[in-house]
Amino acid sequence: MTTPTPSTETLATFAATLRFDAIPTPVIRRTEDLLLDWVGSCLAGKDARAVEILAAFMESMGPSTGPSTGPSEILIHRRTSSPLMAAMVNAAASHGAEQDGVHNGWVFQPVTVVFSPG
């Protein structure tokens, strides 16, 4: 087992001990804006053929008790599955219409990789 570097340990400790009331209001508001943008991107990309193909495949590979079981929601179908399956389909859908990085103000927009697994 690898010993975490001090920066990894510091970041992990910060994340594990962060309290919601300690987050500045502007950060919360910006996160709300990004979440809304991400949901809109998922909905805009939901009908893309590639997304539908990936969704069908991931759902067939999902929990053995059926495609509508698990703790995580596949937004484009409103069904649930495993966190891995839902994250994969949600990320694909949010990239179906999203153009991350084509505007200088959004070059480091992390919404697809941060919100999809959430």
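Let's start near the end of the chain: F115 sits in helix α5, which covers residues 111-115. With a relative accessible area of 18%, F115 falls under the 20% cut-off and therefore counts as buried. Please keep in mind that this is a predicted model. The chain has 118 residues, of which 26% count as buried.

**F115 and its partners**

- Which residues does F115 touch, once neighbours within four places in sequence are set aside? The contacts are T31, L34, L35 and W38.
- One of these partners, L34, is 81 residues away from F115 along the chain, yet the two C-alpha atoms are separated by 9.0 Å.

**Overall layout**

- The chain holds 5 helices and 2 strands.
- Going along the sequence, you will meet these elements in the pattern α-α-α-β-β-α-α.
- Among contacts in the chain with a separation of 6 or more, 48% are between residues 24 or more positions apart.
- The accessible surface of the chain adds up to about 8000 Å², and carbon and sulfur atoms account for 65% of that area.

**The nonpolar core**

- The largest nonpolar core is built from 13 residues, and I74, I76, V89 and A93 have the most contacts inside it.
- Which elements give two or more residues to this core? They are α2 (25-45), α3 and α4 (83-97).
- Helix α4 makes the greatest contribution to this core, with 4 residues.
- V89 is a good residue to click on: leaving out residues up to four places away in sequence, V89 touches L54, A55, M58, I74 and I76.

**Helix α1 and a nonpolar surface patch**

- Is helix α1 largely in the open or buried? The number of buried residues among its 12 is 0, so α1 lies largely in the open.
- The length of α1 also agrees with expectation: at 1.5 Å a residue, its 12 residues should span 16 Å, and the end C-alpha atoms are 16 Å apart.
- L11 belongs to α1, which runs over residues 6-17.
- At 58% relative accessible area, L11 is above the 50% cut-off, so this leucine is exposed.
- Together with F14 and L18, L11 makes a nonpolar surface patch of about 310 Å².

**F57 in helix α3**

- F57 is found in helix α3, residues 49-60.
- The relative accessible area of F57 is 45%, which makes this phenylalanine partly exposed.
- F57 and M85 are 28 residues apart along the chain, with their C-alpha atoms separated by 9.5 Å.

**S72 in strand β1**

- S72 is in strand β1, which covers residues 72-74.
- Is S72 buried or exposed? S72 is buried, with a relative accessible area of 17%.
- Apart from residues up to four places away in sequence, S72 touches R79, T80, S81, S82, P83 and A86.

**Salt bridges**

- How many salt bridges does a search of the whole structure find? The search finds 4, and three pairs are described here, starting with E32 and R29.
- E32 forms a salt bridge with R29, and the closest N and O atoms are 3.0 Å apart.
- Why are E32 and R29 separated by about one helical turn? They are 3 residues apart in helix α2, and that spacing is about one turn.
- In an α-helix there are 3.6 residues a turn, so residues three or four places apart point the same way.
- E32 is partly exposed at 42% relative accessible area, and R29 is also partly exposed, at 43%.
- K46 pairs with D47 in a salt bridge whose closest N and O atoms are 3.9 Å apart.
- In that pair, K46 is partly exposed, with a relative accessible area of 27%, whereas D47 is exposed, at 59%.
- E73 and R78 have side chains that meet in a salt bridge, at 2.4 Å from N to O.
- Here E73 is partly exposed, with a relative accessible area of 28%, while R78 is exposed, at 65%.

Technical notes:
Residues are numbered from 1 along each chain as its sequence is written. This is a predicted model: local features need pLDDT of at least 70, side-chain atom pairs count only at pLDDT 80 or more; totals for chains, interfaces and linings use all residues. Side-chain values use heavy atoms; hydrogens and water are left out. Patches are made of residues with over 30% relative accessible area and no salt bridge: like charges are joined within 9 Å, nonpolar side chains (Val, Leu, Ile, Met, Phe, Trp, Tyr) within 5 Å. Accessible areas come from the Shrake-Rupley method with a 1.4 Å probe; for residues, only the protein chains shown count as cover. Buried means under 20% relative accessible area, exposed over 50%, partly exposed in between (1.4 Å probe, protein chains only). Contact means heavy atoms within 4.5 Å. A nonpolar core is a set of buried Ala, Val, Leu, Ile, Met, Phe, Trp, Tyr and Cys residues joined through side-chain atoms within 4.5 Å. The expected span of a helix is 1.5 Å times one less than its number of residues.
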